[in-house]
Amino acid sequence: MVLGDPRSGPGGRRREATDLYATVLEVIKRYHGAARVTRISYGAGMPVDRLRTLLERLVALGLAHVEEQDGRPLYDLTARGQEFLDTYWKMRAYVEVLGPIGRDVRRGAQP
Amino acid sequence: MTEQRVPRGAKVRLGAVEGDLRLETGVRVEVEERLRVAGEIRCDGRAEFVGPVECERLRVDDGDVMIRGDLQVHREISARDSALEITGGLQAGRVDVDRRLNVAGPAVAEEVEVGGALRGGASLTADRVAVGGRLSVAGKLTARSVEAGGAIDAGTVDLESLEVGGAAEVGGGAIRTSIEAGGRFRATGPLLFGTLEVGGVAELGAGSTGDRVEVGGKFSADGDLTFATLEVGGIGSVRGDATGGTVTIGGRFEVRGSLRLQGKAEIGGSISVGEAVDGDSLEVGGHLEARRAVFRGTAEIGGQVTTREGLKAARIQLGRRARAAGPLVGGEVRVDDRGHVEDVYGDSVELGDRVEARRVQGRRVRLGDRVSVDEVLYTESLESGDDVSVRTPARKVDRLEPFPL
C-alpha cells in the first residue's frame, strides 16, 4: 500500500476506523454528488455489506449526505465531511513530522 | 439493426458483424484478422476475444471481459459490475467501468471513469480521468483533469489538474493549474505546476517551478526550486537554490544553496541556508544560520543567529537571551535583555540589560544596565545604564570605518 494512502495507517500501522472513514469519504468526493454504493465499494476496496454500515454511520454523523435518485441512493460529501478530511490529513501530517517516538524520548518520559 | 447472438459457453470464429453482437456468459470469440461490429457488442457475463475488436459501443454486465488485442470503440464502453482487460491498445469515446480496467498498450479516450482501479501499461490520453481507487499509468499521462480517491502513479504527466485522496507519484512534467493531494505527492523529476496543496508530505524533483505551495507536514525539493509562495506546516528542505516570493514554515527550513526572496520569510523554528539568504524581511522564532543574510526591511530573531559573513537588515531585533555569532549590521540594531552578541554595527544600536557584546560601532549607541562590552565607538551619542562595563573606554570618533556587507 502506498504511504499516504488512507488505506494504510500512518507509519504503516494497521488502519483504524478514522482511516476507513477517510478512505470512503475520499472516494465519495470524487463522484461529486453521484457516488453509488457499488462504485464506492470498488474505490474503497470494501465489501458492500460492510460499506453500507459505514455509510449509515457517516450519514448519521453528518459527514456524508444521501439522496435517492431513480430508487438508488447516491452519496455526497458534506461540508462537515470535508472538514473531517482536512483535519484527518492535517493530523497525519503532524504524525509524519513528529515521526515515531524514539527509545531516548520514551526513556526520557519515564521517571 | 439485426442482432447476432452467441449462446452461453460457445466458442465462435467471427470477422465482421453487420448489426449488434450479443454474447451470453462464457463465450470465447476467435477473431478473423479483426472483428468489426457495426453496432453494439453486449456481453452478459464473462467473455474473451482473441484478436483485435472494433465496434460502435461495448456493454458488459456482471462479468470480466478479456480482449487479446486492440480495442476500438467509436462511442461508449460501459461495464457494470465488471472488469475489462485489454492486452493491446484502447481507443474509445467514453469509458465507464465499475470495477477494474487494465490496458497493456496505449489508451486514448475522451473520458474515462473507473470505480475501482485503472492500470495502464503504456500511455493514457484523455480529457478527463476519474478513478475511485487507484490509477496507475506506466507511461505518459495526458489529460485536462485527473482524479482518484486512493492513489495515483504515473510516468511523466501533461495535465491541467490532478486531485487525489491519498498519495500521488509522478515522474515529472507539467500540472499547470492545480495539484491537490490528501496524503502525499511526489514528483521524481522536474515539475512545472500552478498550485500544490498537500495535507501530508510533498517531494519535488530538482528544477521544479511553481506558483503556490501549501503543505501540511513535510516539503522537500531535490534540487533548485522556484515558487511564488511556500507555506509548510512542519519541515521544509531544498537541496539546491530556492528562489521565490514569500516563505512561511511552521518548524524547520533548510536550504542547501542560496535563498532569494522578494518578500518575507516567517519561520517558526529554525532556518538554515548553506549559502546566502536575501529578502524583504525575516521573522524567526528560533535559529537563523547562513553564510550571509541580507534583508531590506526587518530581521527579527527569537533565538540565535549564526553567520560567517554577517546579518544585515534595515532593522535587526534579537529577542531576550538571544545569541549571535557573526557580525550584525543594521540601520537600527536592538538586542533584548541578556543577549549575547559579537560585533554590532548600526546607525542606531541599543543593547538591553545584561547584554554581552564584543565590539559596538554606531552613530547613536544606547547601553542598558550591566551591559558588558569590549569596545564601543560612536559618532553622535552614547547613553549608558548602571554598572556598564566597557573594557576599552568608549570613544567618540569623527567617522566610523565602513560597515561590513
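The sulfur of B:C43 lies 8.9 Å from the closest cysteine sulfur, that of B:C55, which is too far for a bond. This is a predicted model. A disulfide is a covalent bond between the sulfur atoms of two cysteines. Here the distance rules it out, because the two sulfur atoms of a disulfide must lie within 2.5 Å. Seen from the other side, B:C55 is in no disulfide either, its nearest cysteine sulfur being that of B:C43. B:C43 is buried, with a relative accessibility of 0%, and B:C55 is buried at 1%. A search of the whole structure finds zero disulfides over all chains.

The nonpolar cores come next. In soluble globular proteins, nonpolar side chains tend to be buried together. The largest nonpolar core here has 119 residues, and the members that touch the most others are B:L35, B:F49, B:F185 and B:F219. The surroundings of B:F219 can be followed residue by residue. Neighbours within four places in sequence aside, B:F219 is in contact with a set of residues that includes B:L196, B:A202, B:L204 and B:V213. Further along the sequence, the contacts of B:F219 include B:L225, B:L230, B:V232 and B:I235, as well as B:G236 and B:S237. A second core, separate from the largest, has 25 residues, among them A:A22, A:L25, A:V27 and A:Y31.

Aromatic rings give another view of the packing. The count comes to three aromatic pairs over all chains. One of them joins A:Y88 and A:W89, whose ring centres are 5.0 Å apart with an angle of 80° between the planes; the pair is edge-to-face. Both residues are shielded: A:Y88 is buried at 7% relative accessible area, and A:W89 is buried at 5%. Ring pairs also bring in A:F84, so that A:F84, A:Y88 and A:W89 form a cluster.

In chain B, the rings of B:Y345 and B:F403 have their centres 5.4 Å apart, and their planes stand at 50°, so this pair is tilted. The pair links distant parts of the chain, with the two positions 58 residues apart in sequence numbering. B:Y345 belongs to strand β42 (residues 343–351), whereas B:F403 lies in the segment after β46 (395–396). The two partners also fall into separate accessibility classes: B:Y345 is buried, with a relative accessible area of 9%, while B:F403 is partly exposed at 29%.

The two chains meet in an interface where 36 residues of chain B are in contact with 21 residues of chain A. About 2100 Å² is buried between the chains, and carbon and sulfur atoms give 56% of that area. On the chain B side, B:D98, B:E147 and B:R184 supply 18% of the area that chain B buries against chain A, more than any other three residues. Seven salt bridges are found across this interface. B:D98 takes part in a salt bridge with A:R36, at 3.3 Å from N to O.

A last stop is A:G62, in the loop of chain A between α3 (48–60) and β1 (64–69). A:G62 is partly exposed, with a relative accessible area of 26%. Not counting residues up to four places away in sequence, A:G62 touches A:T78, A:R80 and A:G81. A:I28 is 34 residues from A:G62 in sequence, and the two C-alpha atoms are 14 Å apart.

Notes: Residues are numbered from 1 along each chain as its sequence is written. Chains are lettered from A and ligands numbered from 1 in the order in which they are written. This is a predicted model: local features need pLDDT of at least 70, side-chain atom pairs count only at pLDDT 80 or more; totals for chains, interfaces and linings use all residues. Side-chain values use heavy atoms; hydrogens and water are left out. Helices (H or I, at least four residues) and strands (E, at least two) are DSSP runs, numbered from the N terminus. Buried means under 20% relative accessible area, exposed over 50%, partly exposed in between (1.4 Å probe, protein chains only). Contact means heavy atoms within 4.5 Å. A nonpolar core is a set of buried Ala, Val, Leu, Ile, Met, Phe, Trp, Tyr and Cys residues joined through side-chain atoms within 4.5 Å. Rings of Phe, Tyr and Trp (its six-membered ring) pair if their centres lie within 6.5 Å; planes under 30 degrees apart count as stacked, over 60 as edge-to-face and the rest as tilted. Buried area is the accessible area (1.4 Å probe) that two parts lose on being put together, summed over both. A salt bridge is a side-chain nitrogen of Lys or Arg within 4 Å of a carboxyl oxygen of Asp or Glu.
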